[in-house]
Amino acid sequence: MPTKVVIGTQWGDEGKGKTIDILAGKADVVVRTQGGNNAGHTIEANGVTYKLQLMPSGILNPKTICIIGNGVVIDPKVLLSEIDGMEEKGISTKNLIIDARAHVIMPYHIELDGLSEKARGKGDIGTTKKGIGPTYMDKAERSGIRMCDLINPDKFAEKVRENLVIKNKMIELVYGGTPMDADKIIAEYSEYAKRLKPYVTDTTPILYNKIKEGAEVLFEGAQATLLDIDLGTYPYVTSSHPVSGGVCIGSGIGPTMIDECIGIAKGYTTRVGNGPFPTELDDEIGQAIRDKGHEYGTNTGRPRRCGWFDAVILKYAVRTSGLTSVVLNKVDTLAGIGKLKICVAYKKNGEITYDFPPTLEELAMCEPIYEEMDGWDEDISGIKEFDKLPEAVQKYVLRIEELCDVKISAIGVGPGREQNIYR
Ligand code: GDP
Ligand code: IMO
Ligand code: MG
């Protein structure tokens, strides 16, 4: 069936970009529906590495229509630099369209992201400091500036001036920062507006008509289930809805128009930023996984926290996004680690639970219950068929499938497009 959603199942960086890129090769339309340039997706195609933040991955396919949906927050400067970067590599962006309703990340959002994180001190969230949270705050508060405003010079100038009166008070009086100059912002952003205007439109009827025609549509997820503002480890989350429900709101379609929800997981768990992480390995095994898996942020370069695979988390993602299958990436990274552990459940107040808890207080009481599995030393990065994988790898994958009650449809054994084993 033609419409597919790709969802991160853990805390992000599961390798969504690779699956999105593979599926985008066959898609007529690729849509980003939430988040902004806090996302960092690495794609390796034809020997070239692409690091995308806002640009839908379908851009590499010249026939694909790429939509930045209404649910995305856009830093115009970052988007333009991605457009320029693509054009420099000979990749056309003429098929990119941006929804007029998408909100704009303004310089004061970036400033306030940094200042509020600093003010939180030890309790900081560890945001990407890209202004994501403050932009979604303004959207909910109904003072946000949208792409339709950015490309309307008079309205844009009026909204910037209106907003800055309050933002400067916050910057200066609440956080002790330096106030910002409205004229300077208006002048800078007017240049961005001129360049972005041709891309801005109402994308929702275009998407609807494509789905009606039976086109292959791919909704590319950013962030992940446990970073969802409602279902994640609040407040250590992002400010959007990375679960499959967010796709509908962020692109203007209804849930009956989604055919498949594909979850992306890693064969272990990582997290960048602060917040709880039950299976975290703060030891040499965690460091070995970080080194072997190059677990350093695409976006901020921060070392990612690493830990064992957690089946409670994947089950939670299966349930909250209605996942129809899962891709298990980076299984190759686990070679040579020794015995492996899978968290099969949590022990909470002496009782066993299989459900990811709703509060940090309850999560803090949860102790992972592990099952030990045999590891392997073989390099599996060139293997193409499941049956050819060492027995220990097969057992590891099948046990995860059984525990999480979901079909593992592909196993990632390397960063390249062709390094997937399909089942
Ligand atoms: P995303 O944010 O979910 O798209 O993931 P990132 O791109 O931030 O991080 C995933 C990293 O793992 C990237 O560097 C990918 O190239 C790489 N990757 C993806 N799948 C595999 C895999 O199966 N094996 C290995 N070794 N690397 C992979
Ligand atoms: P991709 O799409 C991993 C994390 C940040 C921080 C929290 C809030 O590459 O998987 P924000 O700047 O969004 O307000 O930060 O969310 N975070 C991510 N972690 N991968 C991402 O995206 C992330 N996007 C946000 O580290 O903990
Ligand atoms: Mg990433």
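Q223 is found in the loop between β10 and α9, where helices (H or I, at least four residues) and strands (E, at least two) are DSSP runs numbered from the N terminus. The phi of Q223 is near 55 degrees, a positive value in a residue other than glycine. P235 has its place in the loop between β10 (217–220) and α9 (244–251) as well, and the peptide bond leading from Y234 to P235 is cis, with omega near 5 degrees. For comparison, most residues other than glycine have a negative phi, and most peptide bonds are trans.

The model is a predicted one, in which local features need pLDDT of at least 70 and side-chain atom pairs count only at pLDDT 80 or more, while totals for chains, interfaces and linings use all residues. Residues are numbered from 1 along each chain as its sequence is written, chains are lettered from A and ligands numbered from 1 in the order in which they are written, and side-chain values use heavy atoms, with hydrogens and water left out.

Q223 also leads to ligand 2, as one of the closest of the 20 residues that surround this ligand, together with K16, N38, T128 and T238; a residue is near a molecule if one of its heavy atoms lies within 4 Å of it. Oxygen atoms of ligand 2 meet several polar side-chain atoms: one of N38 lies at 2.9 Å, one of H41 at 3.0 Å and one of R302 at 3.0 Å. Taken alone, ligand 2 exposes 550 Å², and the protein buries 98% of that (accessible areas come from the Shrake-Rupley method with a 1.4 Å probe). The shell around ligand 2 is made up of seven nonpolar, ten polar and three charged residues; here Ala, Val, Leu, Ile, Met, Phe, Trp, Tyr, Cys and Pro count as nonpolar, Asp, Glu, Lys and Arg as charged, and the others, Gly among them, as polar.

Ligand 1 is surrounded by 19 residues, and K16 appears again among the closest, alongside G17, G40, T42 and D332. A nitrogen atom of ligand 1 is 2.7 Å from an N or O atom in the side chain of D332, and a backbone N or O atom of G414 lies 3.2 Å from a nitrogen atom of the ligand. On the oxygen side, a polar side-chain atom of R304 lies 3.2 Å from an oxygen atom of ligand 1. Of the 590 Å² that ligand 1 exposes when taken alone, the protein buries 90%.

The shell around ligand 1 has two nonpolar, ten polar and seven charged residues. Both α1 (16–24) and β3 (41–45) supply at least two residues of this shell, and the largest share, three residues, comes from α1. Seen by domain, with bounds from an automatic or database assignment, the shell draws at least three residues from each of domain 1 (3–98 + 200–260) and domain 3 (264–422).

Terms used:
A polar contact is a pair of N or O atoms within 3.5 Å; within protein, one must be able to donate a hydrogen and the other to accept it, and residues adjacent in sequence count only if both atoms are side-chain atoms.
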